[in-house]
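I set out to record, entry by entry, what I looked up in this structure. The notes begin once the sequence and the model are in view.

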Amino acid sequence: MSDVILETRGLTKKYKNQYALDNVSITLKKNHIYGFIGENGAGKSTLMKILAGLIFPTSGDMTFMGETDPSAIEQKRKSVGTMIEGPYLYPGYSVRQNVELQRLLIGNPDESATDRVIELVGLSDSKKKKAKKLSMGMKQRLGIAMAMVGNPRFLILDEPINGLDPKNIVTLRSMLKKINQDNDCTIFVSSHILSELYLLATDFIFIHKGKIIETVTHEQLEEKCSQYIFIRNNNIPETVTILEKHFPYVNYKVESDETVKVYAKSDIMTELSGYMMQAGITISELSEKELTLEEYFISITGGGNNV
Ligand code: ADP
């Protein structure tokens, strides 16, 4: 049996003259947790809506749970739980009523599912509370309970961490890990902040201006984030020329009149210092440093000066 739950091929979504998604091809494996990372407006919600069947792509197609035909995929949508652009709650209904209604809407005949998912998200003590009286964190948890009540194999959560305080983020993270493990559920979760998903996701997919720019496993990301080369010298413009000429695929960021960060491994250091010395540049610092997650994100999305 295939270990792939979902695959997209060349998904494109065009609004008038603008591409919200541009040729998106991704493969998601069963039981992984995918962190879907991109700045606001990058195209995250658009892809999630297409995967959830809420909107249609301009072109491209997908295979979900082995099905490629759109009507067959539609049949499998019972196995998808979603929370896209915030939980849709009935404010005057209680926690339990909201989940129960969703269970009926999705057509899950298992009555015990309602209380089970409420328990799962830690809202058992607030079952009778009206949705409008819940805190932001509780609303998010209720939204996830509603996404879970159909016992999904695939959970799509759009920015669920948005607006949560640090304590709620920890709760949400452990809850999603439990859902992933106990329910064999693949999770596709988005954020515009990489570090929010770093401790949760097993894999990361980066989107920028509608294009997938990188897909990495947690281990690969850890390795990529481990180092960059820090240069301090008396001729940054010439250093930039050297970087452009000899290391065209390496991203860099000019930090000041005399410093530049080069997002590459230390194995290019000798060659790089050789070029700088040849050009008569006086190097006052050339060292390997750690890259933070957000710096890494900036480095691949072209926050540097060379993109
Ligand atoms: P994200 O979820 O990453 O913040 P979105 O997927 O919401 O990004 O949006 C991607 C791009 O598509 C944005 O530039 C947005 O303005 C545009 N967009 C999204 N939905 C529509 C729409 N219904 N009509 C026109 N443009 C849209």
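The entries below cover the nonpolar cores, one sheet with its helix, and two loop residues.

**Entry 1: the model.** I note at the outset that this is a predicted model.

**Entry 2: the largest core.** I asked which residues have the most contacts inside the largest nonpolar core. I found I144, F204 and L221 in that role, within a core of 50 residues. I then looked up which helix gives the most to this core. Helix α5, spanning residues 136-148, does so with 7 residues. I recall that, in soluble globular proteins, nonpolar side chains tend to be buried together.

**Entry 3: the surroundings of I144.** I left aside the neighbours of I144 within four places in sequence and listed the remaining contacts. I144 touches M83, V121 and L157, and also L172, M175, L176 and I179.

**Entry 4: a second core.** I also recorded a separate core of 26 residues. Among its members are L28, L47, I73 and F188.

**Entry 5: the sheet.** In what order do the strands of the open sheet of 4 strands lie? I read the order as β12-β13-β11-β14, and the pairing is antiparallel. At the edges I found β12 (251-254) and β14 (283-289), each of which pairs on one side only. Direction ignored, neighbouring strands of this sheet are turned against each other by 15° on average.

**Entry 6: one strand pair.** I looked up how β11 (residues 228-233) is joined to β13 (residues 259-263). The two strands run antiparallel and are joined by 4 bridges. Within this pair, I229 stands opposite V262 in β13.

**Entry 7: the helix on the sheet.** I noted that helix α10, residues 269-278, lies across β11 and β14. Its direction is at about 165° to β14.

**Entry 8: N31.** I checked the backbone of N31 and found a positive phi of about 65°, although N31 is not a glycine. The residue sits in the loop between β3 (27-29) and β4 (33-37). Is N31 buried or partly exposed? N31 has a relative accessible area of 35%, so I entered it as partly exposed.

**Entry 9: D184.** I found a second positive value at D184, a residue other than glycine, with phi near 50°. Its place is the loop between α6 (166-182) and β8 (186-191). I entered D184 as partly exposed because its relative accessible area is 44%, and exposed would require over 50%.

Technical notes:
Residues are numbered from 1 along each chain as its sequence is written. This is a predicted model: local features need pLDDT of at least 70, side-chain atom pairs count only at pLDDT 80 or more; totals for chains, interfaces and linings use all residues. Side-chain values use heavy atoms; hydrogens and water are left out. A nonpolar core is a set of buried Ala, Val, Leu, Ile, Met, Phe, Trp, Tyr and Cys residues joined through side-chain atoms within 4.5 Å. Buried means under 20% relative accessible area, exposed over 50%, partly exposed in between (1.4 Å probe, protein chains only). Contact means heavy atoms within 4.5 Å. Two strands pair if DSSP finds at least two bridges between them. Axes are lines fitted to C-alpha atoms, for helices over the stretch in contact, and angles run from 0 to 180 degrees between N-to-C directions.
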